[in-house]
Amino acid sequence: MAETKDYDIVIIGAGITGTMLARELSAYKLRIALIDKENDIADGATMANSAIVHTGYDPEDGTLQARLNPEGARLYEKLCADIGCRYKTVGAYIVACGEEEERHLDVLADRAKRRGIEYKFMTGDEARENEPNLSGEVTRVLDFYTTAVIYPWEVAIACAEVAVKNGTELFLNSPCTGIDRTMGGYIVHTPNLDLKAGIVVNAAGVYGEEIAKMVSDDVHFRIRPRRGEYYVLDNDVDFVCHIIFPVPSKEKGKGVLAVPTVYGNTLIGPNSDYVDDPEDNGTSVDGLGYVRAHIGKVLKDVPLNRSIRTFAGLRPSSDAHDFVIEEQKGAEGFINASCIESPGLASSPAIAKYIIDELISKRRELVPNENAVMTRERPVVMSELTPEQRSEQIKRDPRYGNMICRCEQISEGEIVACIHSTCGARSVKGVKKRVRPGMGRCQGGFCEPRVLERLARELGADPTEIVLDEQGSNILDSVNRK
Amino acid sequence: MKKYDALIIGGGSAGLAAAAALKENGIDNIAVLEKDGEAGGILQQCIHNGFGLMTFGEQLSGPAYAERFIRKAAELGVEIKTNTMVTKLTADRKVEYVNSTEGAVTAEAGAVVLAVGCYERPRGAINITGDRCAGVYTAGQAQKYLNIDGYMVGKKVFILGSGDIGLIMARRMKLEGADVLGVAEIMPYSNGLPRNIKQCLEDFDIPLMLSHTVSKTFANKNGRLEKIEVVQVDENLNPIAGSEQYFDADTLLLSVGLIPENHLADEIGIVSDRATKGPVVDESYMTSAEGIFACGNGLHVHDLVDFVTIQAARAGKGAAEYLKNGAKSGRSVTVGAGSGIGYTVPSLVHPESVSEDVEFFFRVTKPLTDAVITLTSCGEVLRTIKKKKIVPSEMQRITVKKDVLAGLTDGLEISAEGVVTV
């Protein structure tokens, strides 16, 4: 029998939705548990997406997305400042080729105007002055110049860190295997622990439908994971300085984009393919082929030969075509935060507030926790410091002078700090998500053995126990000889 | 600000040879900046032998070859700063570096020698689809895990790419008890040295699958590799439908190319060569930035360390001459790669100030038999060299006399013809 623990609220899923909610809730006197089946925070859709804070012009009127996206986007910059995360305003060009697409820009501009989102129109030629790689076919551009990019997992990890410091209990490697109803609540089963709570929030991403059905059959949304595949270009390639979108369509979503990321890489993608298996996040010949074929529509001379990585992510798409954020019918206190596909990342701060204001606060009284600290200091990042500041930091701790990753110039000090921080890294990918060794052009060719060695040392583990990502994804097979 | 006559970035085989040459040519105030904990570079993990046949007339292991140059550097009194990473280089030769003892330092150098080495092309730069799982390594990474750290990365190994590190690792893992299932090479010929094909694959019955590539990886439920898909490719290197084969491999090693680490040079706009992906240099190994020299695998990827040593010594000497006499004067002409040739190094020469015979290094683009290498200028054939067989994996060289170079009115071109053999 697994041990049972009592909570006020259990959140299933430590992606951007779950972590953002956990942080907001940690401002109150509540016993909160945040569980995830993976070995790290933000290992699902939050890890593999376009990383854009959409301003909110895209969702159709009358949807929950149309309400929460603009609101969420407006909260982001301050939130990132509060929790020490990168937020880079790059602007987004929606580019139209020909009259029909131009008409669609007017529709978007009209929505934006009504939603208080800033924009301006440009001619194709004006846009090409700023973006010389734009195709000659582009005739008119709608510039959403307040659009920003973030590191989504950085935000999720930072939110989890704030929540945990305020008392939230985080359980990784804890898949929800079943949910039972009890007097006044639920028991959420995991292999090692049963969590009892009056309120359960289902923020399980592509598994949202499966989790909801553990409570009752009355689930009116169907999740169908939609895979998106991307190329990542080396950060010494200056290809675009704005996000470049083709005109969105209902069928194809936002189309194939070029996104200048926070650290100077360029993302090219995604495609959009329904898959049956919620774990099927490998790349495919057809998917990457689609990306290659379609990016050429709006951009020319796309330097895909400078790709350093390809990846795929699964969006929790659904037949609801909108966020489903509501109490499940006939299941008091069981709240679905489901079908959170794009613009879920941009909406997430507003989703958290919505869940609290519209759903949780109607169930129970929320008493502010006056000891809660809602902010987080940004860890030391050597590459962001002046030489003088670097020297100071090295004087305080010489490990910051021992550079481990040469592509991205990351020191041993930064790596050790991210292992020992709250919600610290437990895997090579965990270190990569937090401080970025392996993100550069050698993709860890040089630094991975050095990161692995530090992980083993700091965690007191044998190197053969160190995993790339999930439990069982060990990097080393066996000791050869010492 | 700290001042040096010369700073050498990188303490591998190239940096050590360049530093020695600087000292031997009378430049004393120099330092080598090495990011690793010891000098020697990638040689330290190359524990197989075969190094130094040309330089020493004997077969040494990588660490033994490195040791000779580390000792020589010590005898000459070369300062080597280890665990020291250069974070920035400016065109006026200010070098920013970081280490634990000095902090973040900016030093001024009369000359800079880039001896930064190369990196292995990662998975994301080639078209392998499928799961992003544990069990996929670059060959050099697996070599470090095994030879330096003492760990095997897996038991059932497949290797993509028949570059030399891949071949060496095939033998190495086999000797340590792994099951090496095969080596796939997308080209119809191997990119490794012929002696490595013989000694690392044939002698161990490891199949070499030419015109094949790994197209997909499959992970088990824990995210470790369990299977790979291998396909045959046509003459345009596109997969042939229906040719899929599957191997139960827990390990995939990638030996799919080495790329000069050109970032420091690139950041300051140093002209690079599209073919080598390293800087363009003249006969003194100076780049397009005055006083900044380049050598080693950071200049172009070598097959033999002996060539690295030869060229790096010239770069060191070139830097010393620059410090004494200033930059080469007069016009420069190109030494171009003609038909059948991938690239030449150096690719510039100064007819009016060339001070000695110059050795040019080059590679052919395809394997040739009964080959003729031709050196021309303004359409006039200056020299032809006949070779029974030449392959892209083996670097070729040709020495051109000083007086020939001094008399050049236009550029030189090297070309190769022969029967293409695959």
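These questions and answers walk through a predicted model of chain A.

Reader: How many helices and strands does chain A have?
Author: Both kinds of element occur in chain A. The helices come to twelve. The strands come to 23.

Reader: Which radius of gyration does chain A have, and why does it agree with a compact globule?
Author: Start from the length, 482 residues. A compact globule with that many residues would have a radius of gyration near 23 Å, so the value for chain A agrees. That value is 22 Å.

Reader: What share of the residues in chain A is buried?
Author: A residue counts as buried if 20 or more other C-beta atoms lie within 10 Å of its own. The share is taken over the 482 residues of chain A. Buried residues make up 56%.

Reader: What share of the contacts in chain A comes from residues 24 or more positions apart?
Author: Take the contacts with a separation of 6 or more. Among these, residues 24 or more positions apart account for 72%.

Reader: Where does domain 3 of chain A lie along the sequence?
Author: Domain 1 is made of 1-87, 148-223 and 316-378. Domain 2 takes 92-145 and 224-313. Domain 3 is 382-465.

Reader: Which helix gives the largest share of the side of domain 1 of chain A that touches domain 3 of chain A?
Author: The C-alpha centres of domain 1 and domain 3 of chain A lie 29 Å apart. Their contact takes ten residues from domain 1 and nine residues from domain 3. On the domain 1 side, the largest share is six residues, and it comes from helix H5 (residues 152-165) of chain A.

Notes. Residues numbered from 1 in each chain as written. Chains lettered and ligands numbered in written order. Predicted model: local features only at pLDDT ≥ 70, side-chain atom pairs only at ≥ 80, totals over all residues. Helix = DSSP H or I, 4+ residues; strand = E, 2+ residues; numbered from the N terminus. Rg over C-alpha atoms; globule rule 2.2 N^0.38 Å. Buried ≥ 20, exposed ≤ 12 C-beta atoms within 10 Å, placed from the backbone. Contact = placed C-beta atoms within 7 Å. Domains from an automatic or database assignment.
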